[in-house]
Amino acid sequence: MGKRAWAALQFGLALLACALPGAVLAQGMQYNVRVNAPGRLEELLTDNLDLLRFRGNPRIDREQLQRMARSAPEQAKTLLATAGYYSPVISTRIDGLRDGEGGTPTVVVDVQPGEPVRVGSVEIVLQGFASSSDTPFDKAALQAAWTLPKGDIFRQDAWEQAKRALLRQVVQTRYPRAQLSDSLATVDPDQHSAALRVVLDSGPELRFGELRIEGLKRFPASIVANLNQIKPGDYYSEAALQAYQSRLQDTGYFASVDVSADLSAILDEQLEAGAEKRADAAAPAAVPAPMAPLPLLVRVVENKRRNVSAGLGYSTNTGNRAQLNYDDLAIFGLKMKSALTLETKKQTARGDFYFPVTPDGYSDSFGGAYERSDIEGEETTVFTVSAKRAWGTPLLERSLGVELLTEQKTVAGQPSVRSTSLPLTYSVTRRKLDNLLFPSKGHVVNWQIGGALLPLLTDEPFIRASTKAMWYIPFGAKSTVILRGELGALASKQKDGVPAIYQFRAGGDQSVRGYAYQELGVRKGDATVGGRYLATGSAEYQYWFKPSWGAAVFYDAGNASDSFSGLHPKSGYGVGARWKSPVGPINVDVAYGHAVKKARLHFSLGFTF
């Protein structure tokens, strides 16, 4: 053993001894460390050099400090190589250690990192990936997605992340048993270049097989099977499994859902095939049989059939709130959801029945509701019977609904008016967002068109169209600009007889802030009623000073009127706080309504789309 190795061993044993139970603790030598290195390299060395990790150790003396200072350059070179710097110039010195010098000595580490090593070439070798189908695996996309391309600084952590990302991209679709059979990074410090080579073995190509369901007791298997968009023979896909699981969780029938490909089902077949092969070892080698399809396994834990819940709350739109919910998941094969909601400005009772989703993806429902409201001097009482069909995905939702309304409306100072209507409404919502719960980039657009065109059970035929949209535009890592707009138009011979819910008003948390809920519209005596036209817009800037906490400034404007010329926009502006809660973004805003000359508090959860 050389002198240097023996000295290092003695030093290590000394450090170990100080950590043993019962060791005698003494005041070790006190010293400071200053690392002079650019940017992130200083943090790398500060976090990992022995000089700093063992500072304050009671066993450190003058000799051991000098030994650590002498070994620091080699240790630093090893650390800097992980960051892509293979030819640094490093020196150390100890200031204030000479006899007679007072004060605490300081170890100074000077680093000149030199030119970093960059990726010079990337070779990705794909083994396997053979397919007998007409849809070959997209090898070009796999290579294009490589995250450590030519020209990037070769860092060890980036190299490991790139390999993991490459493997993850493969195992999530078609080849879940793929593996990296070899990887090599050849570094040339003189040329400051690294040649990368990765060999990826696909393993067998796997497809989905039949659906198997475990855990059902009360509910029919059709509830699970009808939501399955994975067909036997489809390529293995983790994204498809996650989407299916999400659809099942959203039904409300299950307390927990686990959707997976049942690999264990084919292991027995493989073991049996291996045993037969060993028993017939003398026979000529045969071409391996393709992997059997993976059964699609769904394990569920059913929710309890009946559920009752109650809650208290407050809305800056409609005031104090008390709510009672009752759900039953199995009434004549249907799911029933009902709610009684009592608010200061609105009282609602409704019940809806939902059919299981059909194999074609249609969700059908019907129900009834009673609603009484008193908003801005307009009192309405509405009885509704409705039916609805919805289909699509969270990215593109569509629905078609019909409802029979009987409405009694009283405007302050005027006699009551009773009307009946049978409108039909078609709605489309398109989402293109980076995150459905906490979006920071993309857009959401909703279009609606409908009305009661025939005089059947309708006092006043009408047609109505509206659209609203939100755009999320990122500005850097912590800032987002949100643009929002809404337009609407109503056509009829006269407004009397058209249900108030199909007329337009503005103002409130999700409309023009700084004004009360539906405060903006057509003045009729001392009341505000709905108009034929609507136009609102909003611009908001958000800054997230912490991952879950942010602040906002905004400007809203808009109005509702019976004519285009009467759409004089009313503006509101203010500031707000934002919190990314577990259930969605919570917004608290203080807005000043320019037309009413006063400020108003607004509270909202997420956005209404």
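## Exercises: one cavity and one serine

Let us start with the count: there is one cavity of 30 Å³ or more, a cavity being a set of points on a 1 Å grid over the protein atoms alone where a 1.4 Å probe fits but cannot get out. This is a predicted model, where local features need pLDDT of at least 70, side-chain atom pairs count only at pLDDT 80 or more, and totals for chains, interfaces and linings use all residues. Residues are numbered from 1 along each chain as its sequence is written, and side-chain values use heavy atoms, with hydrogens and water left out.

**Exercise 1.** Describe the largest cavity and its lining.

*Solution.* Begin with the space: about 40 Å³ lies in the largest cavity, a volume being the space filled by probe spheres set on the points, which are joined across faces, edges and corners. Next, list the lining (residues with an atom within 4 Å of a point): T425, Q448, I449, G450, G451, R464 and Y502. Then sort these residues: two are nonpolar, four polar and one charged, with Gly counted among the polar ones and Tyr among the nonpolar. Finally, strand 19 (residues 442-452) gives the largest share, four residues; strands are DSSP runs of E, at least two residues, numbered from the N terminus.

**Exercise 2.** Work out where S386 sits and why S386 counts as buried.

*Solution.* First, place S386 in strand 15 (residues 378-393). Second, S386 counts as buried because its relative accessibility is 19%, and buried means under 20% relative accessible area (1.4 Å probe, protein chains only). Third, beyond neighbours within four places in sequence, S386 is in contact (heavy atoms within 4.5 Å) with R350, F366, G367, V402 and E403.

Key: Buried < 20%, exposed > 50% of the residue type's maximum accessible area, 1.4 Å probe, protein only. 1 Å grid on protein atoms, 1.4 Å probe; cavity = no way out; pocket = protein on both sides within 12 Å on 5 of 7 lines; lining within 4 Å.
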